[in-house]
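Reader: I have a model open on my screen and would like to talk through its binding sites and its cysteines. Could you take me through them?

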Amino acid sequence: MTKRELRAAIKARIVPMSRGRREESARKIAEKLAAFGWKGKRIMLYRALGDELDVAPAADALAADNEVFYPAVDGEDMFAVADSEDTETGAFGIAQPVGERLNAADARLDICVVPLRAFDASCARLGRGKGYYDRFLRGADCFKVGVAYDEQQTDGLPTEPHDVPLDIVVTPTEIYRR
Ligand code: ADP
Ligand code: MG
């Protein structure tokens, strides 16, 4: 299967999921992330597109004890911006905080929680095909946490040298480690 076919096949598994199932998955991910016990960390989260796992419940659990950042997309580049009440609509129609746009190193991120289209048991990641996270995370010294539905797991994902692997992938039922 080409990457494009793989993305389509996995999307077809996610689109029919019920709202209840999505919400339950988001709650389980929040519990699993909270169980790491992170305190005083600088953590980048994301605002989910309709077919991505929603980390808003995780944000609620993590924001009290940590500093949360969200992505801001600018052309080909993605930056980390500290969470703020002041938001604007960015690429893909997603809200992003207004504030200083930092690369991963300048944001001194400890942890980056990454959406994905597909992953494999070795924590290789396939994104939406634009490479934003590969560019953002290249050389970034942070703990990279993929979050996904179990249905997004696939065997032997095709990867290229520019693909940045994840350190762990958290699903509602499992934690995969690199
Ligand atoms: P995704 O990770 O979103 O699935 P790809 O890994 O296929 O997407 O990357 C999409 C494109 O982004 C690549 O074909 C490449 O042109 C560009 N790209 C990704 N990472 C880098 C990088 N580190 N340096 C330069 N270009 C990159
Ligand atoms: Mg990639």
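Author: Before we begin, one cut-off is needed: a residue is called buried when its relative accessible area is under 20%, and exposed when that value is over 50%. Please also keep in mind that this is a predicted model.

Reader: Okay, metal first. Which residues are the protein donors of the magnesium ion?

Author: The magnesium ion, ligand 2, has Asp134 and Asp163 as its protein donors, each through an OD atom, at 1.9 to 2.1 Å. These two residues come from distant parts of the chain, 29 residues apart, with Asp134 in helix H4 and Asp163 in the loop between strand E9 (143-147) and strand E10 (168-170).

Reader: And are Asp134 and Asp163 buried or exposed?

Author: Both Asp134 and Asp163 are buried, which by the cut-off above means that each has a relative accessible area under 20%.

Reader: Now ligand 1. Which residues come nearest to it?

Author: Of the 14 residues around ligand 1, the nearest are Arg7, Gly127, Gly129, Asp134 and Asp163, and the last two are also the magnesium donors. As for character, the shell around ligand 1 is made up of nine charged residues, four polar ones and one nonpolar one.

Reader: Which helices and strands supply at least two residues of that shell?

Author: Helix H1 (3-14), strand E8 (125-126) and helix H4 (132-137) each do so.

Reader: What about polar contacts to ligand 1?

Author: The side chain of Lys3 places an N or O atom 3.2 Å from an oxygen atom of ligand 1, while a polar side-chain atom of Arg138 lies 3.2 Å from a nitrogen atom of the ligand. The backbone takes part as well, since a polar backbone atom of Arg128 is 3.5 Å from an oxygen atom of ligand 1. Taken alone, ligand 1 exposes 560 Å², and the protein buries 71% of that area.

Reader: Changing topic, how many disulfides does the structure hold?

Author: It holds zero disulfides. Cys112 is in none, and the nearest cysteine sulfur, that of Cys142, is 5.2 Å away.

Reader: Why is Cys123 not bonded to Cys142?

Author: The sulfur of Cys123 is 14 Å from that of Cys142, its closest cysteine sulfur, and that is too far for a bond, because a disulfide requires the two sulfur atoms to be within 2.5 Å. Cys123 is buried, with a relative accessible area of 0%, and Cys112 is likewise buried at 0%.

Reader: Last one: where does Gly139 lie?

Author: Gly139 lies in the loop between H4 and E9, and with a relative accessible area of 76% it is exposed.

Terms used. Residues numbered from 1 in each chain as written. Chains lettered and ligands numbered in written order. Predicted model: local features only at pLDDT ≥ 70, side-chain atom pairs only at ≥ 80, totals over all residues. Heavy atoms only, no water. Near = heavy atom within 4 Å. Polar contact = N/O pair within 3.5 Å; in protein donor to acceptor, adjacent residues only side chain to side chain. Areas by Shrake-Rupley, 256 points an atom, 1.4 Å probe, with all protein chains shown as cover. Helix = DSSP H or I, 4+ residues; strand = E, 2+ residues; numbered from the N terminus. Nonpolar A, V, L, I, M, F, W, Y, C, P; charged D, E, K, R; others polar. Buried < 20%, exposed > 50% of the residue type's maximum accessible area, 1.4 Å probe, protein only. Donors = N, O, S within 2.8 Å, 3.2 Å for Na, K, Ca; no water.
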